[in-house]
Structures are given as C-alpha cells and as structure tokens.
Amino acid sequence: MSSPGAQPVATLRVIEYAGPGAGIAGAYAGWLLGRLGAEVSTIGSVETNSSSDEQNLLRLERLALSENKKALDDEDEPDALARHLAACDVFLCDVPPSRLPAALALQFGDRDTLGLRFPTLVAGFATVHGLDGPDSALPATVLDAQAVSATAWALGDATREPLTLPVGVAEHQSGAMLAAGCLLALSERDRSGKGQVVDISLTEVLASHVAANSRVYVHHGLKWHRNGRRPYGSCGAYPFAILPCKDGEICISGRTREEWQRLITVMGNPSWASEPRYQDLRAMGTRYPEEGDALLAPWLMQHTRAELEALALQHNLILSPLRSFTEVLDSPQFAHRRFL
C-alpha cells in the first residue's frame, strides 16, 4: 500500500532518452509507464534506416513503442534540458551515462552530482552489465548478456551452436524490470522525499530467469542445457515437446497425472494408455520420450493447429500452436492488445 502522499501514476512525468544508441529497454519501460497513465516525453529521435536488418528491426520496434509519447525538440540546449529534468519525476535510459550526448551527460555527472542537482528525480538506467558491476566498463551487446547469463546455453540443438533469443526479446525483459524498479523507487521517494538511481543489468535479469528455470531441473535431478525441440529429460515428466500436427507444429506440456489423463480422455482413451509403461510419466519423460511422441503422432496428425487449440481450451490442456511472426501479427490477441 502506498503512503498517504503517494503520487498516482497518472500524474507522473517521464522523460525517455531516445537518441543515438538507445534501444528497446528504455522505450518499453516508457511505453509501460505510459499505458499506466504517465505523461511520457522523449529526448532525441529514432535513428534513420540502417544497412543492418537487426538495427532496422529494432528501429521499427522503437517506433511501435513511441505511441502517445511527446518529442522534446530542444535536447541540445543544456538550460532547457535542466528545466525538463527538474520538472519530471522519472528519467529512463538504456545507454550508459558516459555514452550520452554531451549536453545530456553534462546534466548527470556522477551519482552525487545527480542527487544534488535533481534531488527528487528517479533516474533509471538499463544496460548490459549494470552501471557499477564488475563488467560495467566493458563494451558489451545483448549477445554478451545472453552468453554470460547462460541463456544461450539452453537454446538450440545440443549437437550444434547455441542460439540467441529473437531480436528485442531480451531487451523487453530488462525494460519491464526498469519500469518496475522506477515504480519502487517512486514509492520510496514518497516516504523519504528523495529520488535515486535505478540500475538494471540485462545480464542479471536473464541470469535470474536461468536460475529460476534451473531449479525445476534440479528438483528432478536433471541438468539444464540445450536439447533441441524438447527440454532435456522433458524437464522431469512427459509430455514436454514441440510436435508436428496436420498443418504445422504445436507445443504440448503436462506435469501431473491429472493433466496426462485429460489428454488421454480427449484422445479417446487409446488401449496403450492403460499399459504401466505409459503411466510412469517421469520414466516416459526422462528415459523414452520418443515412444510417447510416436503414440501421440497419429492423433495429432488428424488435427489442425486451430482444432487442437480449441480442444485445449475446452478441456484445459497445456497445448498451444506454434505461429510464424506474420501469423502472430494477424492474431486477434495482437490486434486487440497491440503488443506481444
């Protein structure tokens, strides 16, 4: 519960750095706070077309996240910048302070200077390794964060090179943490009257996901590493895999006997399901999951993704279609919410 003097999100004034070097994390944090009712302005502009497909995709993502944000056109004037920062509650940035344009970097200096100049400002930074961690001074990219956090260790085929998360996905994670951290700092400001610096490390955000996921494997005596289209050892119980169906592929999962029985019932209670070998879900998942796949295959191949999705919703199955990016953009969910 907030303190009696707490400021509603709808009255918050946010400035987001959107100039050279800016990425997805700051833009997503600003978009989230804007959706909560904050007034969000941007300093700098989205860079023009690049020869890199990845950079152009990031540019399009940032443009999509610029909804209802007001651009400030005097970011090169130190006095104007100082006035803007003094009047706002939150400053969002996913560029290290040392790499900000000179006029903006002049406003910040070090943390002590920032606290003296703007005592109530919450300044939120989302960078690869954090502002003052052991690797904070190293040049780094999102790819480094995925490697150091061991995220890439778990993505892809075990016999091939690791894969990376799709462009922008990791940065959205740190953007969500940046927005949450700034809201917590504002809550503390309501109590103390003082702003503070919010320091988000993408590497640590991803590492926290790795740690949480690893605990599931440890519980089952398994080691988490990449294993292609099925989590290693089915993550402890069958089923857990990407499997083909009539018109594409689906992801199916189940952790409990009740979930497995619901699936068996929907399949029409095939005779093999009563065999003891196929009632031990842990053995199926860790020792012979391919047998289970072969038994499910005839039924799955009789149904389209849409039909299986409808059955899943009707019977409470953990099953979902795999969609292409174009199909996601055409989905009713995306059309309604306008974000992934």
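Which residues point one way from β5, and which the other way? In the predicted model, V122, G124 and A126 point one way from β5, A123, F125 and T127 point the other way, and all are buried. Strand β5 is accordingly described as mostly covered, with six of its six residues buried.

The chain as a whole provides the setting for this strand. Its secondary structure comes to 14 helices and nine strands. The C-alpha trace spans about 80 × 50 × 40 Å along its principal axes. Of the 340 residues, 41% count as buried. The accessible surface comes to about 18400 Å², and carbon and sulfur atoms account for 55% of that area. Where contacts join residues at least 6 apart in sequence, 68% of them are between residues at least 24 apart. The side chains include 30 positive and 40 negative ones, and the centres of the two sets are separated by 6 Å.

Strand β5, residues 122-127, pairs with strands β4 and β6. Strand β4, residues 90-93, runs parallel to β5 and is joined to it by four bridges. Within this pairing, L92 has G124 of β5 as its bridge partner. Five bridges join β5 to β6, and these two strands also run parallel. Two of the residue pairs can be named: A123 is partnered by V197 of β6, and A126 is partnered by I200 of β6. G124 and A126 point one way from β5, whereas A123 points the other way. Strand β6, residues 197-201, has four of its five residues buried, so it is largely enclosed by the rest of the structure.

Helix α7 covers residues 169-192. The helix has 24 residues and reaches 35 Å from its first C-alpha to its last, close to the 34 Å expected at 1.5 Å a residue. Its buried residues are A170, E171, S174, G175, L178, A179, G181, C182, A185, L186 and R189. Several of the spacings in that list can be read against the geometry of a helix. An α-helix has 3.6 residues a turn, so residues three or four places apart point the same way. The list of buried positions includes A170 and S174, as well as L178, C182 and L186. The residue that follows α7 is G193, whose phi is positive, near 80°.

A176 also lies in α7. With a relative accessible area of 24%, A176 is partly exposed, because the range for that class runs from 20% to 50%. Leaving out residues up to four places away in sequence, A176 touches Y28 and L32. P139 is 37 residues from A176 in sequence, and the C-alpha atoms of the two are 23 Å apart in space.

The loop between α8 and β7 contains two further residues of note. H220 is placed in this loop, which follows α8 (202-219) and precedes β7 (240-245). H220 has a relative accessibility of 18% and counts as buried, because the cut-off for that class is under 20%. Apart from its neighbours within four places in sequence, H220 is in contact with C235, G236 and R282. P239 is found in the same loop, between α8 and β7. The peptide bond from Y238 to P239 is cis, with omega near 0°.

Positive phi values also occur at residues other than glycine. N68 has a positive phi of about 60° although it is not a glycine. This residue is found in the loop between α2 (53-64) and β3 (70-72). N68 counts as exposed, because its relative accessibility of 73% is over the 50% cut-off. A150 likewise is not a glycine and has a positive phi, of about 75°. The position of A150 is in the loop between α6 (142-148) and α7. At 26% relative accessibility, A150 counts as partly exposed.

Note on methods. Residues numbered from 1 in each chain as written. Predicted model: local features only at pLDDT ≥ 70, side-chain atom pairs only at ≥ 80, totals over all residues. Heavy atoms only, no water. Buried < 20%, exposed > 50% of the residue type's maximum accessible area, 1.4 Å probe, protein only. Contact = heavy atoms within 4.5 Å. Areas by Shrake-Rupley, 256 points an atom, 1.4 Å probe, with all protein chains shown as cover. Lys, Arg positive; Asp, Glu negative; His and termini not counted. Charge placed at Lys NZ, Arg CZ, Asp CG, Glu CD. Pairing = 2+ DSSP bridges. Expected span 1.5 Å × (residues − 1).
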